[in-house]
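Hi,

Here's the structure I promised to pass on. Have a look at it first, and my notes are underneath.

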Amino acid sequence: MTRRRHPVWPFVIGFTLTVAFSAATSLVNQAPATGCPGNADEITVAAGYDDSMDRTQRGVVSAWNDRGHTARYVEISRIPDEARAEMAATDQDGACPYDVLILDVAHLAEFVANGYASPVELPHQAFMAKSVAAGRIDGTQYGVPFAADVPLAYSIGATDTLVSRIWGEGTSGGKPPGRALTQLDDYEGAMVNLVEAIGPEIVPLLSDPGDMPGGADLREVVAPRLEAWREALKTGLIDGGSLDHSESDTLRAFRSARPSAPMVMRHWPSVFRSLWLDSRFRDADGELTFSYRPLPRGGVLGGSVLVISPKTRNRAAAERLVEHLTTPAVQARLFACGSYAPVLAAAYEVREYETRQFTEALTCLRGDAEEPESLVAEFGDFALTVRRAMDGALLRPQVPYYSRLSEVFRACALTVLRSAAPREAAFYDEFADRLRAAAAGRLPGDGSACG
Amino acid sequence: MSPSGDAELGTREGARDGSDARVAAVIALLGILPEIALAVTGAELAARWFVRIAIGVILVAAVYRPVRDRWRRRAARLPRWWPRGEGSSRSRRLIARVWPSVRMGAAGVVAGGMVLALAQTAPAGGRLFQAYFGSCPMPRELVLSVPSYDVPAFGLLAREFTDDRAVNRCAETRLKVVASPPVTGLLTALRNGWRTPDGVRLIGPRPDLVVVESRDIADLLVEGGVVAEDVGQVGHAEIAVGIPETLRNQVERETGGVSLDSVLRFYAGPGRNFARPDPLITGIGLTATAGLNARRVFPNAEAAEDRMRELPEEMGDAFWKDQSDPVSLLCNLQRDYESRRNSLLRRSAFMLPRHIMEDYNNRTGQICPGGDQNRGRLWIPDIPSLAVLDYRAIRPAWPDRESAGRNAAVRELAGWLRSRVATPSPGAGPAPGGGALAATMAAIGRREQRLDLALVLDGSGSMQRHLPVTVRSVGEIVDALRPTDRISVDIARRPSRDGRPQIYNAYPSDLAGSQGDQIVGYLGQWTPRDWDLDAASTIAAMGNRPMDVMVIVTDTSPGKQADLRRITAEVVEQATGKPSDAPVYIVNVGDTACPPALRSGEGAVFCVDAAAFDVTTALDRLRELR
């Protein structure tokens, strides 16, 4: 074989050119796009619809201006799953991704598994521990806490026994007076209600996709509480309408309730404002006619985290925006004006707002009231209750296929609640099989109905 | 590595040729394998064509030598006078010199292609491995937008598509099915980047594929320049004529032979009508109307429109809403209206997809809440259909999230939907032409009595006491609007006692059908607690907005500086002097009566107590003026 007959250099050139050409093309595709819509110095922030009073969240984001950078708030949809779909679709393939996502904590594990969330460093150490934990997946912080949401029991009349029976350990004794309003329509809200019904034991049971419980284990943890709720629904202790209620239905029912009958509603802190400022919920002396407290065994932590896209065009500016949105002043304003529960302990100290010069938050609290300071004091009490509820909050299972897991869990659990009689062991075996498949991301074999 | 072939063209002979050709074929085959892998996985390789050419070079090299030798052997047996091609010997020498390098270069390209193909297909291989030996890999997110009444049906199709494509029950795609905006607003929505008219919000997740009811609607969108492409027909339905059973005998008797024309002319007669889904919201209604117009049953499109609008006018506000959904429209046959309304509805022919009417007849109880199969049945005569819906899928252009992978997945979905299109029955009439559809749309537009209502809420703290009345009044206003009317909500206030007037736009002007319920829901949590902005300043601040009517909901601020009784003259002056001639209604939700000067109903401003406000009559009067 002579060198002339078998020249190597054309082979090397051919090989190199092919690989280099393809690599260059993919590099060009991955490079930050220059033709993205909007201003190049603008950080895009994707979120669900902000329906708070005066769209406080939008206002706070849009008002940000730092070293020539501004932020554009993109509201996607009122339906959380639709907002998730737009965020996921855009970040997956987008040359122009949303730089920052205001993401429902329930979807964080999914976004991390997909590679749509980048690891972040918390801008400071003043966050509340539970919120920080909600933004951490497998030991890495991917979400910076932004808004917390933890349910409270809002009561009219004496409901201690009722609350304890529905959400606590109380099981003995006769039927307590009054009725409870929960959200058990087939949507994510039902999942958090069911987790609260069953209690904290259920969370670790569903948190490892590789080690999901068998039918017997699942039955042992889940069945007693689901049966208690099934009975409560049957006897009217839990309002029968709850099976078709979402948050807005529950609030409507609570607001139109007769004040004479005891009633308790499980709802988020965001509804406090509309009850607190409604004169129908005050007596002749101006005192509130409803009370509120944390759920006895903890409520499920909701809310949102700030996620920075791995493909953001300006990471430094995105980080500065995140830092700004988590300052005590901004968090206090979001709380007082928009009813977004804060993720910083400092923002719950309403009595300190004056000293700290959180003027905008105070203006929102005082409004045109004749006795504004009493309103501020009332809101301060409420803030302390929310903070207490935060400390005892439960995290949802942080698994990539959470939404599928949730769909299957509530389909089966709601079947129990709607049943005429207790479900047998075989039902829980199927329940467990379905959960195992859902946690691994597998489609249901024969429809989503359970049992 | 050396490819086969003639390293020195024309000098080598015998067995070596055969072995070189075999090696060449092996290399080419190796080059083809990644091509096959890429075709199977759908992954795109930037250098694919480069590699294909190189494979071609090697294959040519492999085939060239035996062919040439055979030609030479044959040439040797030719007569002497046969041309031997000596003149091209120089070029042959040149080729002989270059050929080995070309071949080696081609081999290099193929080798590079194999490496790239391996890199490209590795993730797909990894996903396959994961699907069988671990948790499912995360699926690709796709959004499919379909006509609102078709969301459940496409939801089932989406599930079927996902199941079909799943590997070991691991989905490759996660398909979100969402409702499209009304057919007449689709083009605007796409032009606005799937945003609300004010550009502030998206109207939902941006769709990868939009399903519209006919080719002509798709053409309108493609011509509008906002769509990447029309990816083909994905469905088929015939719009048939359904007749309430109670009229069957009369139709058979009086038409003298049931045909499409005779039935249509029968229903065009006095005291009868046609029921159709709202043509401004659904492509079904639009296509059915165009089909009817094509039959020239009425003198012209405007006359047809005038006649067909009589039915919803007769049936009232709720019927306008029912018209946006074909099933709700049909379910009206199950309800008991007062006799006059009942009579007109039951004397109307329904222009709807045949399968929906058949479904209604067969499963009335499941389709209509509380429905009874023995009442309100439809007879669908065996006559040609009125028109055909050739559902098309279009792919909007979202340059910020284009990628080869997404395009491939969307095409796959479109192809799957295309493969499921039923074959039209032989008697099916054609879809109305594009011109007919545009003309129909124009005629409907000319006859439309759409209202643009600007709702302004008094945002002062004193309104807290009147919230229940306010919410009820706003609910009544929203209920009285038709789905294609527009409504906006503003809150008039001062942020402090001496603060500047502020009009806060809570909801920009949009279709009542889209945001009416949201507005009522918003008011459920609304907590007014700012300072009064008087009605005169409110009118002045809102005056430049385009609108047909302004409705201010206020407690009239009794006893305050903004008290309506004190500023009556200014209010009249502002209402009269504002640029638009839209009337102003002040809906008083407070305890103090309206000032007498504003109660007459004459002039540009009218104050009415909430309990006495007949909103339907007021809006109907405004529509008549249009």
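To start with chain A: of its contacts with a separation of 6 or more, what percentage comes from residues 24 or more positions apart? In this predicted model, such pairs make up 76% of those contacts in chain A.

A few basics on that chain. Chain A has 451 residues, and 50% of them count as buried. The chain is built from 18 helices and 12 strands, and its C-alpha atoms fill a box of roughly 105 × 60 × 30 Å along the principal axes.

On confidence, chain A averages a pLDDT of 90, with 93% of the residues scoring at least 70. The low end is helix α1 (residues 9–30) of chain A, at a mean of 72, while strand β6 (residues 140–141) of chain A has the highest value, 98. As a general caution, predicted coordinates should not be read in detail where pLDDT is low.

Now the contact between the chains. Chain A puts in 57 residues and chain B 62. On the chain B side, the elements giving two or more residues are α2 (48–76), α3 (89–133), β1 (140–146), α4 (151–165), β2 (173–179), α16 (404–419) and α19 (512–525) of chain B. Of these, α3(B) gives the most, with 13 residues. As for chemistry, the side of chain B that touches chain A divides into 29 nonpolar, 18 polar and 15 charged residues.

That's what I have so far.

Cheers

How values were computed: Residues numbered from 1 in each chain as written. Chains lettered and ligands numbered in written order. Predicted model: local features only at pLDDT ≥ 70, side-chain atom pairs only at ≥ 80, totals over all residues. Contact = placed C-beta atoms within 7 Å. Helix = DSSP H or I, 4+ residues; strand = E, 2+ residues; numbered from the N terminus. Nonpolar A, V, L, I, M, F, W, Y, C, P; charged D, E, K, R; others polar. pLDDT = per-residue confidence, 0-100. Buried ≥ 20, exposed ≤ 12 C-beta atoms within 10 Å, placed from the backbone.
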